[in-house]
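Please open the model in your viewer and keep a selection prompt at hand. The tour below goes from the whole chain to a pair of elements and then to a single side chain.

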Amino acid sequence: MNRSEEAVRDLHLSVTVDEVNLILEGVGLLPFARVYALVGKLQQQAREQLGGKPAPEGPDAT
């Protein structure tokens, strides 16, 4: 498999809301122009899975 084929393959990962927030925090340290599409994609998928409700934040959220 060459590099361009790897670029179009989707992965389906299972992470918690807290883990997604940690990923977004780390990605947020990179230049916006490089990561804005990824951030949008993560946010869209989270909205779909959470039924459009905002994700709970913080360790006490349930």
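Begin with everything selected and a surface drawn: the protein exposes about 5,800 Å², and carbon and sulfur atoms supply 56% of that area. Please keep in mind throughout that this is a predicted model, and that each value quoted here is computed from it. If you colour the residues by relative accessibility, 3% of the 62 residues of the protein count as buried, a label that calls for a relative accessible area under 20%.

Next, switch to a cartoon representation, in which the protein has three helices and zero strands, so that, counted from the N terminus on, the order of its elements reads α-α-α, with helices being taken as DSSP runs.

Now select residues 17–27, which make up helix α2, together with residues 32–49, which make up helix α3. If you draw the two axes, you will find that they come within 11 Å and cross at roughly 165°. Angles over 145 degrees count as roughly antiparallel, and α2 and α3 are therefore roughly antiparallel to each other. As for the hand of this crossing between α2 and α3, it is left-handed.

Staying on helix α2, select isoleucine 23, which has its place in this helix. Is isoleucine 23 buried, exposed or partly exposed? Its relative accessible area is 41%, and because the partly exposed class spans the range between under 20% and over 50%, isoleucine 23 counts as partly exposed.

Keep isoleucine 23 selected and add leucine 42, then draw a distance from C-alpha to C-alpha: the two residues are 9.7 Å apart in space, while 19 residues separate them in sequence.

For the last stop, return to the surface and select Leu11, Leu13, Val15 and Ile23, which form a nonpolar patch there. Together, these four side chains' residues have about 430 Å² of accessible area, and Ile23, the residue visited above in helix α2, is one of the members of this patch.

Notes
Residues numbered from 1 in each chain as written. Predicted model: local features only at pLDDT ≥ 70, side-chain atom pairs only at ≥ 80, totals over all residues. Heavy atoms only, no water. Helix = DSSP H or I, 4+ residues; strand = E, 2+ residues; numbered from the N terminus. Buried < 20%, exposed > 50% of the residue type's maximum accessible area, 1.4 Å probe, protein only. Patch = residues over 30% accessible without salt bridge, like charges linked within 9 Å, V, L, I, M, F, W, Y side chains within 5 Å. Areas by Shrake-Rupley, 256 points an atom, 1.4 Å probe, with all protein chains shown as cover. Axes fitted to C-alpha atoms, helices over the stretch in contact; angles between N-to-C directions. Parallel < 35°, antiparallel > 145°, perpendicular 65-115°, else oblique. Left-handed = near helix turned anticlockwise from the far one by under 90°.
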